[in-house]
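Trainee: I would like a close look at a single part of this model, with the rest of the picture built around it. Could you take me through it slowly?

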Amino acid sequence: MNFIEIFTDAIKNLSSNKLRSALTMLGVIIGVSAVISMSSIVAGGERMIVEMIEKLGTNLLSVRPKKMDKEDRRNTVGRSKGLRYKDAEIVKAMIPHAEKVTPVINVRTHLRHGDNDRSGMAEGVLESYLEIQNYEIDRGRFLSEEDTDRFKKVAVLGKEIVKDLFEEEDPLGKDLKIGNQRFVVIGILKEKGSLHGINYDDTLLIPATTAIKLFNGNDKLTSFVVKVDHRRNMKKTDEMIRNLLLQRHDGVEDFVIRSQDQLIRNTEMIIFTFRVILGGTAALSLMVGGIGIMNIMLVTVTERTAEIGLRKALGASRRAVLAQFLIESTAISLFGGVIGILLGCLMGMGFGLLASRAITGWNAVILPSAVFLGFFFAMAVGITFGLYPAYKAARLDPAEALRYQ
Amino acid sequence: MLIQFKAVSKVYQMGEVAVHALHQNSFTIDSGEFVSIVGPSGSGKTTLLDVIGCLSRPTNGCYLFKEEEVQNLSDRDLARIRNEKIGFIFQTFHLLGRNTALANVALPLFYAGLPKEARMARAREALSQVGLSDRIHHRPNQLSGGQQQRVAIARALVNNPDIILADEPTGNLDSKSGGEIIELLHTLHKHGHTLILVTHDKELAGLTDRTITIKDGRIIGSEDPRKQMEHFR
C-alpha cells in the first residue's frame, strides 16, 4: 500500500470541503497553540526567577540571631553573648567548605547629602560581600582590606541611594552623612533589581569595622553570610556551622541558619504547579479537539458509505479502508498541529511582550520540547480519535455499502 | 466451468424475521458466455449478483468460482478475488467525483499494488478500448451519462477480469447511449470476455446467449432466449 498516495488523496478530500476541515482543525490548533504558548510563558517566568536567584547567589548560608522569648532568655542567661564578629571569623577559619564569609552589621539611621535626606540603612560588611552577593561595581571601587583595617569612613552605594541623594550629580568622591558621621563615596554598584519584595539597589555599604566602631559600640552582628564552595556541600556545611556555633555559644541555639536553596525549591514548586495546571488545561482542549475530529470523521464515513462500498467492490481490503480514513484523520491533526505550533509560537511571543512590559526580565521562552510534545500529542489525538470511525468504515458490508443512498 | 452454484441459499436476518433472498439455486456459467439475469424487483437478482460478485457469501450451499469454494473464503480473500477476477459495472456508475477518468479507472490497480506508471498505462489502454482516449483528464461531472458509464466499463476491464458483472448498466441512460453501452458489452463479449448482465429489460436480455430468470429467490428458468420469451407468454 502506498501511504504517500493515500495521503495526497486524503488532502484532496479535505480540501474539497475546506470549511469543514478548517473547523475540525481548529480544535487541534487551539489545543497545540495553548500547549506551546502557555509553556513558553511559564518557562519564561521560570528563567527569570532562576536568573534572579542566581544573581543573588545560589550557595549562600545566612546566619542570624534567633528571636528568643522571655522563657528561653531566662533559661540561658549569661551563657551566650549572641552572634559576634568573632563567630564569622571562626567559621571562615574552621569550616572547610566555607569559601567566603562576611559579617553584616545593619545600621538604621539618617542619610544626607546637601539638601537631600532620607532615612536608610547602612550595612557594615567585608570586601568579600561583593562576590558573595553577586554585586558588581559600576564605577569607582569596592571596599578593601585596608578600609576595614583602618576603620575608614568610606561608602559604596546602590543605584537607588544615588538617585535619592545625589540625583543627577556624580557621587564619586563626594561627601555623604550617615547619621552624624561624614563618609566619602568611593564606588557605585551595578543595578540588580528586586526579588520577593527586597530592592537590592537600595543598598549602602560601609566597612564592618567602621560600623562597629562608629555606630554600634559592640561587635554584635545582624547576620553573617557564608558562601559555600559547592551546592552539594550546603547541607553538610549548614550542619558544621550549627555545631561550631553551638559549641561557642555554650549549647544555646540563639541563631538560625537559612539557605537560598530553600528559596529555589519553593520557586520550583510554584512553577511546577503552574505547569500542571496549564498543561492539564491544554491537554483538555486537545482532547476536545480530538472529539471534534471523531465527530467529523463519523459524519464523513456515513456520507461516503457508497464510496467505501465501491472501493471494497474494487478490491480494497479492510486494512486499506482503515488506512485511508485513519490517514485522513491524521492529516487533519497533522495540519492542525503545524498551524497550532506556528500560532502557539506567535502567541507565546505576544504574551512574552505583554509580560515583559509588566515585569522586566519576563520574556517568553519557546521550548523545543513543548513544540515537539504539542505536535506529538496532536498526532496521537488524530490517530486515537480517528481509529473508531476508520474501524467503522473498514467493517462496512460491501454489498450494503454499495447501495447506501 | 467458471461459476458453479450448488444449492446456494442466502438468508438475511431482519430482526426476528428471516428473509430468504436466494433459495437453493444451482446453475453453472462457463467462460466466454454472455448471460443475462432477469426478474422483477425484489426477486433476488441483486442478491444473486452480490453472491456471484463475491460481495457477500452464501448462507448455505456451495459456490465454486474457478474451483475456489467462495463460502469458505476470508474477507481478505474475497477482496482479492473481486480485485483480480471480477469487474463491476453499476447502474449509478459509482465513479469518484473528485478524481479524473484516468484515476477512476486506475483505482482497482492501486488495490492490486501496482506501481503508478503501470497503473496509468493500463488505465489509458482500458479507456482507449471504450473509446475515451480524449477524455482521460475529465472529471465525471464533465462527462455525459454514457461517457461516465464507459469510464466505469474501462474500470471493470482494467484488471483483466475473468468475468464482468453489469447491474442494470443502462438504467440511468437514455436509449441512444444505452444502446451504445449494450453494443460495447457485445464487443467485449466478442473479444472473449465473460459477461453477466442483470436487468429487468427483457429486450436487453433477449440479446444475450442465455437468460436466467429468477423469481422469489428461485431460478425458474435458465434457457435460450427465444424459449424464455415463450415462458413469459
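Is Q24(B) buried or exposed?

Mentor: Happy to. Keep in mind throughout that this is a predicted model. Q24(B) counts as exposed, because its relative accessibility is 57% and the cut-off for that class is over 50%. The residue sits in strand 2 of chain B, which covers residues 17-29. Its backbone deserves a look too: Q24(B) is not a glycine, yet its phi is positive, near 45°.

A useful partner for Q24(B) is F93(B), another non-glycine residue with a positive phi, this one about 70°. F93(B) is found in a loop of chain B, between strand 6 (86-89) and helix 3 (101-112). Here the accessibility tells another story: F93(B) has 9% relative accessibility and therefore counts as buried, the limit being under 20%. So if you are checking backbone angles, you have one positive phi at an exposed strand residue, Q24(B), and one at a buried loop residue, F93(B).

Staying in chain B, go next to D167(B), which belongs to strand 7 (residues 163-167). With a relative accessible area of 10%, D167(B) is buried. Leaving aside residues up to four places away in sequence, D167(B) touches L49(B), I89(B), F90(B), Q91(B) and V198(B), and also R403(A) from the other chain. One of those contacts, I89(B), falls at the end of strand 6 (86-89), where the loop holding F93(B) begins.

Chain B also has an aromatic cluster made of F5(B), F27(B), Y63(B) and F65(B). One of its members, F27(B), lies within the residue range of strand 2 (17-29), the strand that carries Q24(B).

Now the setting for all this. Chain B has 8 helices and 10 strands. Its radius of gyration is 18 Å, which agrees with the value near 17 Å for a compact globule of 233 residues. Along the principal axes, its C-alpha atoms fill a box of roughly 45 × 40 × 35 Å. Of the 233 residues, 55% are buried. Contacts between residues at least 24 apart make up 68% of those that join residues at least 6 apart in sequence. The chain exposes about 10300 Å², with carbon and sulfur atoms supplying 47%. As for charge, there are 27 positive and 26 negative side chains, and the centres of the two sets are 5 Å apart.

Chain A gives you another outline. A compact globule of its 405 residues would have a radius of gyration near 22 Å, but the chain has 34 Å. The C-alpha trace spans about 105 × 50 × 35 Å along its principal axes. The chain contains 14 helices and 12 strands, and 47% of its residues count as buried. Among its contacts with a separation of 6 or more, 79% come from residues 24 or more positions apart. The accessible surface is about 20500 Å², and 58% of that belongs to carbon and sulfur atoms. Chain A has 53 positive and 46 negative charges, whose mean positions lie 4 Å apart.

Within chain A, helix 11 (residues 305-313) is largely enclosed by the rest of the structure, because 8 of its 9 residues are buried. Those buried residues include E307(A), R311(A) and K312(A), as well as I308(A) and L310(A). After the helix comes G315(A), with a positive phi near 115°.

For a contrast, try K213(A) in helix 8 (residues 208-216). Its relative accessible area is 56%, so K213(A) is exposed. Its C-alpha atom is separated by 27 Å from that of V252(A), 39 residues further along the chain.

Finally, the aromatic pairs: the count over all chains is 9. In one of them, F376(A) and F377(A), the ring centres are 5.7 Å apart and the planes meet at 70°, so the pair is edge-to-face. Neither ring belongs to a buried residue: F376(A) is partly exposed at 47% relative accessibility, and F377(A) is partly exposed at 41%.

Technical notes: Residues numbered from 1 in each chain as written. Chains lettered and ligands numbered in written order. Predicted model: local features only at pLDDT ≥ 70, side-chain atom pairs only at ≥ 80, totals over all residues. Heavy atoms only, no water. Helix = DSSP H or I, 4+ residues; strand = E, 2+ residues; numbered from the N terminus. Rg over C-alpha atoms; globule rule 2.2 N^0.38 Å. Buried < 20%, exposed > 50% of the residue type's maximum accessible area, 1.4 Å probe, protein only. Contact = heavy atoms within 4.5 Å. Areas by Shrake-Rupley, 256 points an atom, 1.4 Å probe, with all protein chains shown as cover. Lys, Arg positive; Asp, Glu negative; His and termini not counted. Charge placed at Lys NZ, Arg CZ, Asp CG, Glu CD. Phe/Tyr/Trp six-rings, centres within 6.5 Å; stacked < 30°, edge-to-face > 60°.
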